[in-house]
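This report walks through one protein model, from its helices to its cores, salt bridges and surface. Please keep the sequence and the 3D view at hand while reading.

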Amino acid sequence: MVAAILVLYTWLYNRQLKRHNPRQFGHQAFNRHRLGQLLLAFVLMLAVQIAWSQLISHHLLPMPTNQSALDGQIQQLPFWNTVYGVVIAPVFEEYLFRGFFFNFFFFKKISPWSNVFGVFVSGLIFGYLHTMTFSVTTLFYASLGWVLAGAYLYFKDIRYSIILHFVNNLWAVL
């Protein structure tokens, strides 16, 4: 079922880009320069996670309920829940938040303002759907979403934000 949904998401995303693609999203070649930039984006995400974990470990902020639930699920079925959290969820979430949401709502007008607004809203919704409430924790997840949306807009290739999301989730599991 998961494979069928991933194929459907991929097909819908590619169909959407074929119909209307003023920002020229597509497949951009991997090279050392782009991979170095991707590494810098990961370092930014890592800095957010380290700052967040320090606030939690010093009891200035509570442990996110989303993370507690994920940790519990991983303990119940370690292999499958790790695969889901590290591999499958990033693909679903990137197609949903960057591929569909960002493209659908922010394709109409290309300007620096619409780009900033698109990254901001996409990340904020990403954060909200990870917490299902507005809180400081929402801003943590939103900041990760802003980096992912910025990477999608910068690289113009959803594979880069998927890889970045994948590596971030892998880091969180380790």
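Met-132 comes directly after helix α5, and its phi is positive, near 60°. The model is a predicted one, and this angle is a computed value. Met-132 is not a glycine, yet its phi is about 60°. The residue sits in the loop between α5 and α6. With a relative accessible area of 54%, Met-132 is exposed, because the cut-off for that class is over 50%.

His-59 is another non-glycine residue with a positive phi, again about 60°. Its place is the loop between α2 and α3, the latter helix spanning residues 65-76. His-59 is exposed as well, at 71% relative accessibility.

**Helix α5**

Helix α5 covers residues 112-131, 20 residues in total. From first C-alpha to last it reaches 29 Å, close to the expected 28 Å. Many of its residues are buried. Among them are three glycines, Gly-118, Gly-123 and Gly-127. Ser-114, Asn-115 and Ser-122 are buried too. So are Val-119, Val-121 and Phe-126. Towards the end of the helix, His-130 and Thr-131 are also buried.

**The cores**

Which residues have the most contacts inside the largest nonpolar core? They are Met-45 and Leu-164, in a core of 19 residues. Three helices each give two or more residues to this core: α2 (32-57), α6 (136-155) and α7 (158-173). A second core is separate and has 16 residues, including Phe-92, Tyr-95, Phe-100 and Leu-153.

Leaving aside residues up to four places away in sequence, Met-45 touches Leu-144, Val-147, Leu-148, Leu-164 and Asn-168. Val-147 belongs to helix α6. It is buried, at 12% relative accessible area. On the same sequence condition, Val-147 touches Ala-41, Leu-44, Met-45 and Leu-164. Contacts with Met-45 and Leu-164 thus appear in the list for Val-147.

**Two distances to Phe-120**

Val-147 and Phe-120 lie 27 residues apart in sequence, and their C-alpha atoms are 9.7 Å apart. Val-83 and Phe-120 are 37 residues apart in sequence, with 29 Å between their C-alpha atoms. Val-83 is in helix α4. At 25% relative accessibility, Val-83 is partly exposed.

**Salt bridges**

How many salt bridges does a search of the whole structure find? It finds two. The table sets them out.

| Salt bridge | N to O distance | Relative accessible areas |
|---|---|---|
| Arg-98 and Glu-94 | 2.9 Å | Arg-98 0%, Glu-94 0% |
| Arg-159 and Asp-157 | 2.7 Å | Arg-159 27%, Asp-157 0% |

Both residues of the Arg-98 and Glu-94 pair are buried. Why are Arg-98 and Glu-94 separated by about one helical turn? Because they are four residues apart in helix α4.

In the other pair, Asp-157 is buried, whereas Arg-159 is partly exposed.

Glu-94 deserves a second look. Its helix, α4, runs over residues 78-106. Its relative accessible area is 0%, so Glu-94 is buried. Beyond residues up to four places away in sequence, Glu-94 touches Gly-99, Leu-148, Ile-158, Ser-161, Ile-162 and His-165. Leu-148 is also on the list of residues that Met-45 touches.

**A nonpolar patch on the surface**

Where the surface is concerned, one nonpolar patch stands on record. Val-87, Phe-166, Leu-170 and Leu-174 make this patch, with an area of about 360 Å². Leu-174 lies in the segment after α7. With a relative accessible area of 76%, Leu-174 is exposed.

Note on methods
Residues are numbered from 1 along each chain as its sequence is written. This is a predicted model: local features need pLDDT of at least 70, side-chain atom pairs count only at pLDDT 80 or more; totals for chains, interfaces and linings use all residues. Side-chain values use heavy atoms; hydrogens and water are left out. A nonpolar core is a set of buried Ala, Val, Leu, Ile, Met, Phe, Trp, Tyr and Cys residues joined through side-chain atoms within 4.5 Å. Buried means under 20% relative accessible area, exposed over 50%, partly exposed in between (1.4 Å probe, protein chains only). Contact means heavy atoms within 4.5 Å. The expected span of a helix is 1.5 Å times one less than its number of residues. Patches are made of residues with over 30% relative accessible area and no salt bridge: like charges are joined within 9 Å, nonpolar side chains (Val, Leu, Ile, Met, Phe, Trp, Tyr) within 5 Å. Accessible areas come from the Shrake-Rupley method with a 1.4 Å probe; for residues, only the protein chains shown count as cover. A salt bridge is a side-chain nitrogen of Lys or Arg within 4 Å of a carboxyl oxygen of Asp or Glu.
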